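Work through the exercises below with the sequence and the 3D view open. Try each task before reading its solution.

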Amino acid sequence: MGAEGISFPSVFTEKTGAAHWDVLLRARAIETQTYVYAAAQIGSHNSKRSSYGNSMIVDPWGNVIARCSSSSEPSVAIGEIDLNYLETIRQQLPVYNNKRFDIFQKF
């Protein structure tokens, strides 16, 4: 539908975050051909629960262009969003041209 970016606020445990966070976000950016803005809780919440953090911005090719520090202090990731680059990616790899609207409902 033409989205240029998608936000994924989240909280991953240390174990699942270390294993899955980067790869899932990079995959979402690639498959949707959008910028992904991923905000994540970080730090200890209690003696049994700690969150992974690593908030980041991923470009439509799957490159991480900004990432918060791994400290448990609040931080901000700032990255340059280039909509011309996004359009170039979409033209070079037109994944939505192959969508079968006779099978998948168009919203």
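The exercises go from the overall chain to the sheet, the hairpins, the core and single residues.

This is a predicted model: local features need pLDDT of at least 70, side-chain atom pairs count only at pLDDT 80 or more, and totals for chains, interfaces and linings use all residues. Residues are numbered from 1 along each chain as its sequence is written, and side-chain values use heavy atoms, with hydrogens and water left out.

**Exercise 1. Chain overview**

Task: List the elements of the protein chain in order from the N terminus.

Solution:
- Count the elements. The protein chain has two helices and six strands. Helices (H or I, at least four residues) and strands (E, at least two) are DSSP runs, numbered from the N terminus.
- Write the order. From the N terminus it reads β-α-β-β-β-β-β-α.
- Add the extents. Along its principal axes, the C-alpha trace spans about 50 × 30 × 20 Å.
- Add burial. Of the 107 residues, 27% are buried. Buried means under 20% relative accessible area, exposed over 50%, and partly exposed in between (1.4 Å probe, protein chains only).
- Add contact range. Among contacts with a separation of 6 or more, 58% are between residues 24 or more positions apart. Contact means heavy atoms within 4.5 Å.

**Exercise 2. The annotated region**

Task: Describe residues 1–83, the span of a UniProt domain feature.

Solution:
- Take the record. UniProt, in an unreviewed entry, places "domain: CN hydrolase" at residues 1–83. UniProt positions are given in the numbering used here, feature names are shortened, and annotations may be inferred rather than shown by experiment.
- Take the composition. Over residues 1–83 the chain is 24% helix and 28% strand.
- Take the ends. The end C-alpha atoms of this span are 15 Å apart.

**Exercise 3. The four-stranded sheet**

Task: Give the strand order of the open sheet and name its edge strands.

Solution:
- Set the order. The open sheet of four strands runs S1-S2-S5-S6, with mixed pairing. Two strands pair if DSSP finds at least two bridges between them.
- Find the edges. Strand S1 (5–7) and strand S6 (64–67) each pair on one side only.
- Check the turn. Neighbouring strands of this sheet are turned by 15° against each other on average, direction ignored. Axes are lines fitted to C-alpha atoms, for helices over the stretch in contact, and angles run from 0 to 180 degrees between N-to-C directions.
- Pair S2 with S5. Strand S2 (residues 35–38) and strand S5 (residues 56–58) are antiparallel, with three bridges. Ala38 has Met56 as its bridge partner in S5.
- Pair S5 with S6. These two are antiparallel over three bridges. Here Met56 stands opposite Arg67 in S6.
- Place the helix. Helix H1 (residues 14–32) lies across S1, S2, S5 and S6, at about 35° to S5.

**Exercise 4. Two hairpins**

Task: How many residues lie between the strands in the hairpin of S3 and S4, and in that of S5 and S6?

Solution:
- Start with S3 and S4. Two residues separate these strands in their hairpin.
- Read the pairing. Strand S3 (residues 42–46) and S4 are antiparallel over four bridges. Ile42 stands opposite Tyr52, and Asn46 stands opposite Arg49.
- Turn to S5 and S6. Their hairpin has five residues between the strands, and Gly62 takes a positive phi near 100°.

**Exercise 5. The core**

Task: Which element gives the largest share of the largest nonpolar core?

Solution:
- List the members. The 10 residues are Phe12, Trp21, Leu25, Ala29, Val36, Ala38, Ala40, Tyr52, Met56 and Val58. A nonpolar core is a set of buried Ala, Val, Leu, Ile, Met, Phe, Trp, Tyr and Cys residues joined through side-chain atoms within 4.5 Å.
- Assign them. H1, S2 and S5 give two or more residues each. H1 gives the largest share, three residues.
- Follow one member. Beyond four places in sequence, Phe12 touches residues including Trp21, Leu24 and Tyr52.

**Exercise 6. Ser55 and Gly5**

Task: Is Ser55 buried or exposed, and which residues does Gly5 contact beyond four places in sequence?

Solution:
- Locate Ser55. Ser55 is in the loop between strand S4 (49–52) and S5.
- Check burial. Ser55 is buried, at 13% relative accessible area.
- Check its side chain. The side chain of Ser55 reaches the backbone nitrogen of Ala40 at 2.7 Å.
- Turn to Gly5. Gly5 lies in strand S1 and is partly exposed, at 32%.
- List its contacts. Beyond four places in sequence, Gly5 contacts Thr34, Tyr35 and Tyr37.

Notes:
A polar contact is a pair of N or O atoms within 3.5 Å; within protein, one must be able to donate a hydrogen and the other to accept it, and residues adjacent in sequence count only if both atoms are side-chain atoms.
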